[in-house]
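The exercises below ask the reader to interpret a protein model step by step. Please attempt each task before reading its solution.

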Amino acid sequence: MDINMKVIGVIGAGVMGTGIAHNFALAGYDVILIDISTEILEQAKERVAGNIRFQSLYNKDFKAEKPDTILNRICFTDNYDLLQNADYVIENVTEKWEIKKDVYLTLDRICPEHCIFAVNTSCISITKVASLTKRPDRIIGSHYMNPVLMKPVVEVIKGYHTSEATIEATVELLATLKKEAIVVNDLPGFVSNRISHLMMNEAAFVVQDQVAEPKDVDDIFKKCFGHKMGPLETADLIGLDTVVHSLDVLYESYQDSKFRCCPLLRKMVEAGTHGRKTGQGFYTYPSFEHSLVKA
């Protein structure tokens, strides 16, 4: 598969999708960032501009560009038809199968035959997503970590039909972002989330059972095990709603009680406390955050 990647599509303009779009724009690609919400698209534009200003403070090798230079490489839109010339599309919509299903049916209809679809999912099977399309050999998982700009590794997942050419193209594309690809096989949750969600879920059970306060739980992992973030801080960063959706997918996929979602987590999501993005989770946050350190 000899593709000259020029146009990158990114579906979903939340924190993760915005970070991915920004990263590709910094690398010189033309990016089409799609979301159904004009409000979210405006917030994404503000977040990119803010991150550019903050980036030079935390990356000595970064040569600052004017925010407009980066922003002009990103088309913020709700129009899927603009993906007619996309070479590579990265999907970041919520972890709900019915929503993802509609997205891939639309992408498969609009995007050119050579276009690769990268599924940035927490837990959903890449093979299951590929079954929706007429290009299963060009469907691959690419699990970016948050914050995207600061993470040097992407977990890449090979589906049942994913071709070696698609894997090679993805590895080479990530290398242009100075990111290493670690390729794993496809089972729900893959490596990172199959393990990390168990930790976050059990940490929530510890708080629910009044064994310890959230800060104490996180401090043990940071100070005893050397983790940069504790499991509850990580859950807040990812979004508690996303964590709950992912645990539900893992439980359904494996039918294993170890993935049973902590009732406290589900209660917090039902109360609208989803973590950083809502300003309240296990911790309280400012209402709007866009710096690389806080994103």
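The exercises that follow concern a predicted model, and each is accompanied by a worked solution.

**Exercise 1. The nonpolar cores**

Task: Determine which residues of the largest nonpolar core touch the most other members, and which helix gives the most to this core.

Solution.
Step 1. The largest nonpolar core has 35 residues, and Phe24 and Tyr88 touch the most other members.
Step 2. Helix H2, residues 38-58, gives the most to this core, namely 5 residues.
Step 3. There is also a second, separate core, which has 30 residues and includes Leu107, Val119, Ala130 and Phe259.
Step 4. The contacts of tyrosine 88 may now be examined. When neighbours within four places in sequence are left aside, tyrosine 88 is in contact with Met5, Val7, Ile8, Gly9, Cys115, Ile116, Ala118, Ile140, Thr170 and Leu173.
Step 5. A general tendency may be recalled here: in soluble globular proteins, nonpolar side chains tend to be buried together.

**Exercise 2. The surroundings of helix H9**

Task: State how many residues of helix H9 are buried, and identify what covers them.

Solution.
Step 1. Helix H9 comprises residues 231-238, and 6 of its 8 residues are buried, so the helix is mostly covered.
Step 2. The buried residues are Pro231, Leu232, Glu233, Ala235, Asp236 and Leu237.
Step 3. Their cover includes H7, helix H8 (214-225) and H10.
Step 4. For H8 and H9, the axes come within 7 Å and cross at roughly 110 degrees. H8 is therefore roughly perpendicular to H9, since angles of 65 to 115 degrees are assigned to that class.
Step 5. On the H8 side, Pro214, Val217, Asp218, Phe221 and Lys222 meet Pro231, Leu232 and Glu233 of H9. This contact contains 5 nonpolar, no polar and 3 charged residues.
Step 6. Just after H9, glycine 239 takes a positive phi of about 115 degrees.

**Exercise 3. Two packings of helix H10**

Task: Describe how H10 packs with H11 and with H7, and give the classes of the residues in each contact.

Solution.
Step 1. The axes of H10 (residues 240-254) and H11 (residues 263-270) come within 9 Å and cross at roughly 130 degrees. The two helices are therefore oblique to each other, and H10 passes H11 in a left-handed crossing.
Step 2. H10 contributes Leu240, Asp241, Val243, Val244, Leu247 and Asp248 to this contact, while H11 contributes Leu265, Arg266, Met268 and Val269. By class, there are 7 nonpolar, no polar and 3 charged residues.
Step 3. H7 and H10 pack at an angle of about 115 degrees, and their axes are 11 Å apart. The crossing of H7 and H10 is left-handed.
Step 4. In this contact, Asn193, Arg194, His197, Met200 and Asn201 belong to H7, and Val243, Ser246, Leu247, Leu250 and Tyr254 belong to H10. The contact of H7 with H10 has 5 nonpolar, 4 polar and 1 charged residues.

**Exercise 4. Backbone features in loops**

Task: Decide whether phenylalanine 190 is buried or exposed, do likewise for glutamine 255, and locate the cis peptide bond that precedes proline 147.

Solution.
Step 1. Phenylalanine 190 lies in the loop between strand E8 (180-185) and helix H7 (192-208). Its phi is positive, about 55 degrees, although the residue is not a glycine.
Step 2. Phenylalanine 190 has 6% relative accessibility and therefore counts as buried, the cut-off being under 20%.
Step 3. Glutamine 255 lies in the loop between H10 and H11. Glutamine 255 is likewise not a glycine, yet has a positive phi of about 50 degrees.
Step 4. At 59% relative accessibility, glutamine 255 counts as exposed, because the cut-off for this class is over 50%.
Step 5. The cis bond runs from asparagine 146 to proline 147, with omega near 0 degrees. Proline 147 is placed in the loop between strand E6 (139-143) and strand E7 (153-158).

**Exercise 5. Separation in sequence and in space**

Task: State how far apart threonine 38 and threonine 278 are in sequence and in space.

Solution.
Step 1. Threonine 38 lies in helix H2 and is exposed, with a relative accessible area of 55%.
Step 2. Threonine 38 and threonine 278 are 240 residues apart in sequence, and their C-alpha atoms are 18 Å apart in space.
Step 3. A second pair is alanine 271 and lysine 223, which are 48 residues apart along the chain and have C-alpha atoms separated by 31 Å.
Step 4. Alanine 271 is found in the segment after H11 and is exposed, with a relative accessible area of 60%.

Technical notes
Residues numbered from 1 in each chain as written. Predicted model: local features only at pLDDT ≥ 70, side-chain atom pairs only at ≥ 80, totals over all residues. Heavy atoms only, no water. Core = buried A, V, L, I, M, F, W, Y, C linked by side-chain atoms within 4.5 Å. Buried < 20%, exposed > 50% of the residue type's maximum accessible area, 1.4 Å probe, protein only. Helix = DSSP H or I, 4+ residues; strand = E, 2+ residues; numbered from the N terminus. Contact = heavy atoms within 4.5 Å. Axes fitted to C-alpha atoms, helices over the stretch in contact; angles between N-to-C directions. Parallel < 35°, antiparallel > 145°, perpendicular 65-115°, else oblique. Left-handed = near helix turned anticlockwise from the far one by under 90°. Nonpolar A, V, L, I, M, F, W, Y, C, P; charged D, E, K, R; others polar.
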